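Welcome! Here is a friendly set of questions and answers for a newcomer.

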Amino acid sequence: MLTLHGFAASNYYNIVKHCLLHKGVPFTENLVYPGSPELLAVSPAGKVPALTTAAGTHLSESSVLVEYIEDVYPEKPLLPADPEQRARVRQVMKVAELYLELPARRLLPAVLGNLTVHDSVKKEVQATLDKGTASLAQLVKFEPWVCGAELTLADIYLRYVLAIPKLVGPSQLGWEVLPTVPGLAEWDARMAEDAVSGKVDADQQANMKEFRAYVSKLMSGARE
């Protein structure tokens, strides 16, 4: 059986967890936080999530994990059979991660640790987010899913990638991500209605208090 290592408050952890639940793949969860020796034993960079396969192989990086799951468990496919369409799905995933999640993540210390982020950083983040939303508007279809009639990895990736811009945008930038792309808010609501999304969201909320305590302890240590 697969073992998913990480914590439910992590959006990247939830990308992989959603894929597993959607496909009905049996797995166990191992609660670990960044910096722990246990995580470093299964993830060379100490990043969440990590996955231990049934053969005992340790894998990390969420994009690698979802591709592995797709290869090994092809039932209920999350990538189209056509190579052109598969590439389109991967393109949306990459654009969302590089131009939405990663820049917005730079503002997380202000939200989670009450630290001050310089205005110049906020300006850089906003410029990259604007590039990301403009790119997304050209790539998505919402017919009714991101890349057409079938739910794909692009939908799952985008849902959890958007969690960070949605978290930091209003308080740090006075900006909301959902209205920037036509149809995005409606798609986001549709994704939230899915039973798997409900399960993942409930587990995330259950872990949030412990995760915030972990962050608080981490930030206190950094100040000492």
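What follows takes the terms one by one and sets values against definitions.

This is a predicted model, in which local features need pLDDT of at least 70, side-chain atom pairs count only at pLDDT 80 or more, and totals for chains, interfaces and linings use all residues. Residues are numbered from 1 along each chain as its sequence is written, and side-chain values use heavy atoms, with hydrogens and water left out.

Q: What makes a space a pocket, and what volume has the largest pocket?
A: On a 1 Å grid over the protein atoms alone, a pocket is an open set of points with protein on both sides within 12 Å along at least five of seven lines, whereas a cavity is a set where a 1.4 Å probe fits but cannot get out. A volume is the space filled by probe spheres set on the points, which are joined across faces, edges and corners. For the largest pocket that volume is about 1,100 Å³.

Q: Which residues line the largest pocket, and which lie nearest its centre?
A: Lining residues have an atom within 4 Å of a point. There are 40 of them, and Ala-9, Asn-11, Arg-105, Leu-108 and Ile-164 lie nearest the centre. Elements giving two or more residues to this lining include helix H1 (11–23), helix H4 (83–105) and helix H7 (153–161). Helix H10 gives the most, with 10 residues. Helices are DSSP runs of H or I with at least four residues, strands are runs of E with at least two, and both are numbered from the N terminus.

Q: What classes of residue make up the lining of the largest pocket?
A: The lining has 22 nonpolar, 8 polar and 10 charged residues. Here Ala, Val, Leu, Ile, Met, Phe, Trp, Tyr, Cys and Pro count as nonpolar, Asp, Glu, Lys and Arg as charged, and the others, Gly among them, as polar.

Q: Why is the pair Glu-29 and Lys-17 called a salt bridge?
A: The term asks for a side-chain nitrogen of Lys or Arg within 4 Å of a carboxyl oxygen of Asp or Glu. In this pair N and O are 3.2 Å apart, so the pair fits the rule. Glu-29 lies in strand S2 (residues 27–31) and Lys-17 in helix H1, so the bridge ties together parts that are 12 residues apart in sequence. By this rule the count comes to 10 salt bridges.

Q: Is Lys-17 called buried or exposed?
A: Buried means under 20% relative accessible area, exposed over 50%, and partly exposed in between (1.4 Å probe, protein chains only). Lys-17 has 1%, so it is buried. Its partner Glu-29, at 42%, is partly exposed.

Q: What does Lys-17 touch, and which network does it join?
A: Contact means heavy atoms within 4.5 Å. Leaving aside neighbours within four places in sequence, Lys-17 is in contact with Leu-4, Phe-27, Glu-29, Val-200 and Asp-203. Lys-17, Glu-29, Lys-199 and Asp-203 are linked in a network of salt bridges.

Q: How do you know that Arg-159 and Asp-201 form a salt bridge?
A: Their closest N and O atoms are 2.7 Å apart, so the rule is met. Arg-159 lies in helix H7 and Asp-201 in helix H10, so the pair ties together parts that are 42 residues apart in sequence. Arg-159, at 10% relative accessibility, counts as buried, and Asp-201, at 24%, is partly exposed.
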